[in-house]
Amino acid sequence: MSSAQKVRVRFAPSPTGGLHLGGVRTVLFNYLFARRHGGDFVLRIEDTDQTRFVEGAEEYIQRCLEWCGLEPDESPFKGGPYGPYRQSERKPMYREFALLLVESGKAYYAFDTPEELEYMRSSLKTAENPNPQYDHRLRMQMRNSLSLPQEEVDRLIQGGAPYVIRIRMPEGETIGFRDMIRGEVTFQTGQVDDKVLLKADGMPTYHLAVVVDDYHMKITHAFRGEEWLPSAPVHLLLWKYLGWEESMPQWAHLPLILKPDGNGKLSKRDGDRLGFPVFAMDWKDPKTGELTKGFKELGFLPESFVNMLAMLGWNDGTEQEIFTLDDLVARFDMDRVHKGGAKFNFDKAKWFNHEWIKFYPAEGLYELVEPLFAAKGVVSASAGSRGAVTRERIVDVIRLVKERCTFLTDFWDQSYFFFEDPVEYDMVAVGPKWNEKNKAFFEALSADIKQLVDFDAALLETNFKALATAHGIKAGELQMLFRVMLVGGKFGPSLFGIAAFLGKEKTAHRIDKAVAVFG
RNA sequence: GCCGCGUUGGUCAAUCGGUUAAGACGCCUCCCUUUCACGGAGGAAUGAGGGGUUCGACUCCCCUACGCGGUACCA
């Protein structure tokens, strides 16, 4: 590509289900690179395999990208100058180029049936060669336009015999390219098999489609998972054979995200097994009805999800770990992407979310937390309307408890006592400390509170301590009991702050109620 | 089997020939707080093995081992 060319990158998922971590990170790196260089980010759907295409998956991908804030400039949904953006809608052009390759002798027709291929593989299979390949050593023994006489080929094609088009890999060439992450990578063409380019149903395989699409969509940089590295020589040759070598994008093969225990690529199963999500958002498989949990629904902020993924395989060389999307765009550099795969660590993911919740302004958290509160019956309303909690009050609560929430879904458990009386008390904690003397203190405290005109945390604390002294009890001994009376358990923010927040009636009421329960 | 890519603490990782080999997560101890957290101080824990090159290798080269990926009319 010429240096004057505008940077264009693409994310090309196949709509076969939920978007897992590796997928989102690939989008992220594509997006960051595009934005970093003022370029375009293109979403292209690879729906060439009808057997794996899943209804609704395309829209799901769109929603995930939206949630993460990684919206494409061009996509099947919003269009763009290089559409269509679904491979199924570009079908005719793939065939055209496959035929062109046959004409120039770089590809050939193959008539072998699936059964014949199966037979070839099983009969040639040995301990030394468990996976016989359809390659230069074997192709003349198979039924194709290289091994068959021309008349036979014509007859088969005219007779409507099904066929695929395979690339004809040369025998003894060394071919290579410069990967942006790995440096020079080379392959011997003779080691690579004659990959199918065009399937019998007329659809292209990934190999043909990426090349044709990337060329026509003027893609300048192609980033994909490391699992694609072995097929790079096929793509390299295709760019060359099609005469587009000058326009070939620069490639980077991203390291894999590995399962936390053992080795290997992280899969949906690992999440189920180890109890964490592997998809960005909840995904319900329409065929099986099976639900796979997502980070969003678990209570992740999109910012922390993106931040966490960016740090899996990349860092800017400093000690900074918390980045906004804008920070990432400003700092991202493909040269600093790791070569080795990274094991996913859910504890670290949780830490990122916790950090983000702590730093996030309470006002901003409101929109995300309010629906969760509403689901519990806490209806927010503008100040003044009866029976409802004001937005300001909810924001105050969020501010008070956010540092102890790891997930957005923790907010209710950490703050329900601001909205309703505790229904259960931690009697295990209360039991050993509850006695007649303490009971008398709390009865007095309740009466005292009811008489107060002003009621704030500082005043309450002063009164509380004075009263404790008057009763000959150390204030500290009583605080835990007071806490359980107000919140039900041994947790939550500053005690007197909670009481002040509740107001004197509710505070006194909860004391009375607890005294009755404690006995 | 063949081909390709990898390999710094349990995990994420810095280092681009000279450092006491950072930092973070997790774990442990202590402080703060008579709650849970937050915060603060400290601790244990790392260069797969073997050869080179070099005055000097975690860093460069080779071999081995190990891991992963690919080896489909799936992507």
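**Chain A with RNA strand B: a predicted model**

I'll start inside the protein, at one phenylalanine. Setting aside residues up to four places away in sequence, F305 touches C68, A280, F295 and F300. F305 belongs to the largest nonpolar core, which has 93 residues. The members that touch the most other members are V24, L28, C64, C68, A280, F305 and L309. The element that gives the most to this core is helix 1, residues 21-36, with nine residues. Separate from it there is a second core of 28 residues, and that one includes I167, V192, V211 and V234.

Before going further, a word on what we are looking at. This is a predicted model. For chain A the pLDDT averages 93, and 98% of the residues score at least 70. The model has an ipTM of 0.95 and a pTM of 0.94. A general caution applies: where pLDDT is low, the predicted coordinates should not be read in detail.

Now the overall form. Chain A contains 21 helices and 15 strands. Its C-alpha trace spans about 110 × 50 × 40 Å along the principal axes. The radius of gyration is 32 Å, while a compact globule of 519 residues would come out near 24 Å. Of the 519 residues in chain A, 36% are buried. If you take the contacts with a separation of 6 or more, 74% of them are between residues 24 or more positions apart.

Next, the RNA. Which residues come nearest to RNA strand B? Out of 64 residues around the strand, they are A200, G340, R404, G476 and K490. Several elements give two or more residues to this surface: helix 4 (114-124), strand 6 (183-188), strand 13 (342-343), helix 12 (346-359) and helix 19 (475-487). Helix 19 has the largest share, five residues. By class, the surface near RNA strand B has 22 charged, 22 polar and 20 nonpolar residues.

Let me go to the loop between helix 2 (57-68) and helix 3 (91-103), where P84 is found. The peptide bond from G83 to P84 is cis, and its omega is near -5 degrees. Y85 is found in that loop too, and so is S75. Is Y85 buried or exposed? Y85 is buried, because 23 other C-beta atoms lie within 10 Å and the cut-off for buried is 20 or more. S75 also counts as buried, with 23 other C-beta atoms within 10 Å.

Y85 and S75 are ten residues apart in sequence, and their C-alpha atoms are 6.0 Å apart in space. Leaving out residues up to four places away in sequence, Y85 touches L43, R44, I45, E74, S75, P76 and G80. On the same basis S75 touches L43 and Y85. L43 therefore appears in the contacts of Y85 and in those of S75, under a cut-off of 7 Å between C-beta atoms. For a distance across the chain, take S75 and G159: they are 84 residues apart along the chain, and their C-alpha atoms are separated by 40 Å.

Two more residues to look at on your screens. G176 lies in strand 5, residues 174-179. G176 counts as partly exposed, because it has 13 C-beta neighbours inside 10 Å, and 12 or fewer would make a residue exposed. Apart from neighbours within four places in sequence, G176 is in contact with E184, V185, T186 and F187. The C-alpha atoms of G176 and V234 are separated by 11 Å, with their positions 58 residues apart along the chain. V234 is one of the residues of the second core.

The other residue is K218, in the loop between helix 6 (206-216) and strand 8 (221-225). What is the phi of K218? The angle is near 55 degrees, a positive value in a residue other than glycine. K218 has 17 C-beta neighbours inside 10 Å, so K218 counts as partly exposed.

To finish, three places to find in the structure. One is F305, in the largest nonpolar core. Another is helix 19, with its five residues at the surface near RNA strand B. The last is the cis peptide bond from G83 to P84.

Terms used. Residues numbered from 1 in each chain as written. Chains lettered and ligands numbered in written order. Predicted model: local features only at pLDDT ≥ 70, side-chain atom pairs only at ≥ 80, totals over all residues. Near = placed C-beta within 6 Å. Helix = DSSP H or I, 4+ residues; strand = E, 2+ residues; numbered from the N terminus. Nonpolar A, V, L, I, M, F, W, Y, C, P; charged D, E, K, R; others polar. pLDDT = per-residue confidence, 0-100. Core = buried A, V, L, I, M, F, W, Y, C linked by C-beta atoms within 7 Å. Contact = placed C-beta atoms within 7 Å. Rg over C-alpha atoms; globule rule 2.2 N^0.38 Å.
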